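Please open the structure in your viewer and keep the sequence panel visible. The tour below proposes a series of selections and describes what is found at each.

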Amino acid sequence: MAWTRVAARADFGDRAMMSVRCPDQRVALYAMPDGVFATSDACPHMGASLSMGCLVQGYVECPMHHALFDVRTGASDGSVTDRGVRTFPVKIEGGDIYVDLPAEEPVS
Ligand code: FES
């Protein structure tokens with residue numbers, strides 16, 4: 001695991017979600033009232049980009065088949081798939097967002 005700076009907190013602007021490449025995969029970042037959370041940007045069902053979906057009450061809705069995933073835990077609502085989405089620890093220092101990424105992640 002390695003802390004990697006992936007964005008500035010200000011990069012969200014007025015958006016609630018954004019996708020960042022860091023560096024071997026895409027990670028979705030979510031701006032929540034209690035902090036910033038990170039998941040893989042790839043839906044565990046068929047790989048759609050979760051950051052292209054909607055964020056509602058702590059869940060990201062996949063834009064392809066509308067599965068819901070808890071952005072804090074990665075848990076699926078079970079409506080489309082039982083597979084959860086991978087989550088990553090996040091820390092913010094000096095206005096910068098860092099994600100703790102496994103070093104061995106394949107490119108996706
Ligand atoms: S690709 Fe996300 S629910 Fe099917």
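**First stop: two loop residues**

Select His66, which lies in the loop between strand 6 and strand 7. The model is a predicted one. His66 is not a glycine, yet its phi is positive, at about 70 degrees. Is His66 buried, partly exposed or exposed? His66 counts as partly exposed, because 13 other C-beta atoms lie within 10 Å, whereas a residue needs 20 or more to be buried and 12 or fewer to be exposed.

Next, select Gln57, in the loop that joins strand 5 (54–56) and strand 6 (59–61). Gln57 also has a positive phi, near 50 degrees, and is a residue other than glycine. With 7 other C-beta atoms within 10 Å, Gln57 is exposed.

**Second stop: the whole chain**

Now display the entire chain as a cartoon. How many helices and how many strands does the chain contain? There are zero helices and ten strands, so that the sequence reads as β-β-β-β-β-β-β-β-β-β. The C-alpha trace spans about 40 × 30 × 20 Å along its principal axes. A compact globule of 108 residues would have a radius of gyration near 13 Å, and the chain, with 13 Å, agrees with this. Of the 108 residues, 29% count as buried. Among the contacts with a separation of 6 or more, 44% are made by residues 24 or more positions apart.

**Third stop: the sheet of four strands**

Select strands 2, 3, 4 and 8. They form an open sheet in the order 2-3-4-8, and the pairing is antiparallel. Strand 2 and strand 8 (87–88) are the edge strands, each pairing on one side only.

Narrow the selection to strand 2 and strand 3. These two form a hairpin, with four residues between them. They run antiparallel and are joined by five bridges. Two facing pairs may be highlighted: Met18 stands opposite Leu29 in strand 3, and Val20 has Val27 in strand 3 as its bridge partner. While examining the side chains, recall that in a regular strand they alternate between the two faces of the sheet.

**Fourth stop: the sheet of three strands**

Select strands 1, 10 and 9. They form an open sheet in the order 1-10-9, again with antiparallel pairing. Strand 1 (2–8) and strand 9 (90–93) each have a single partner strand, so one side of each is left without a neighbour in the sheet. From one strand to the next, the twist averages 30 degrees.

Which residue of strand 10 stands opposite Lys91? It is Tyr98. Strand 9 and strand 10 (residues 96–101) run antiparallel and are joined by four bridges.

**Last stop: the nonpolar core**

Finally, select Val27, Ala28, Leu29 and Val99. These residues have the most contacts inside the largest nonpolar core, which has 24 residues. The elements that give two or more residues to this core are strand 2 (17–21), strand 3 (26–32), strand 4 (35–40), strand 7 (68–70) and strand 10.

Centre the view on Val99. Which residues does Val99 touch, not counting those up to four places away in sequence? They are Thr4, Val6, Cys22, Val27, Ala38, Phe88 and Val90.

Note on methods
Residues are numbered from 1 along each chain as its sequence is written. This is a predicted model: local features need pLDDT of at least 70, side-chain atom pairs count only at pLDDT 80 or more; totals for chains, interfaces and linings use all residues. Two strands pair if DSSP finds at least two bridges between them. Axes are lines fitted to C-alpha atoms, for helices over the stretch in contact, and angles run from 0 to 180 degrees between N-to-C directions. The radius of gyration is taken over C-alpha atoms; the globule rule is 2.2 Å times the number of residues to the power 0.38. Two residues are in contact if their C-beta atoms, placed from the backbone, lie within 7 Å. A nonpolar core is a set of buried Ala, Val, Leu, Ile, Met, Phe, Trp, Tyr and Cys residues joined through C-beta atoms within 7 Å.
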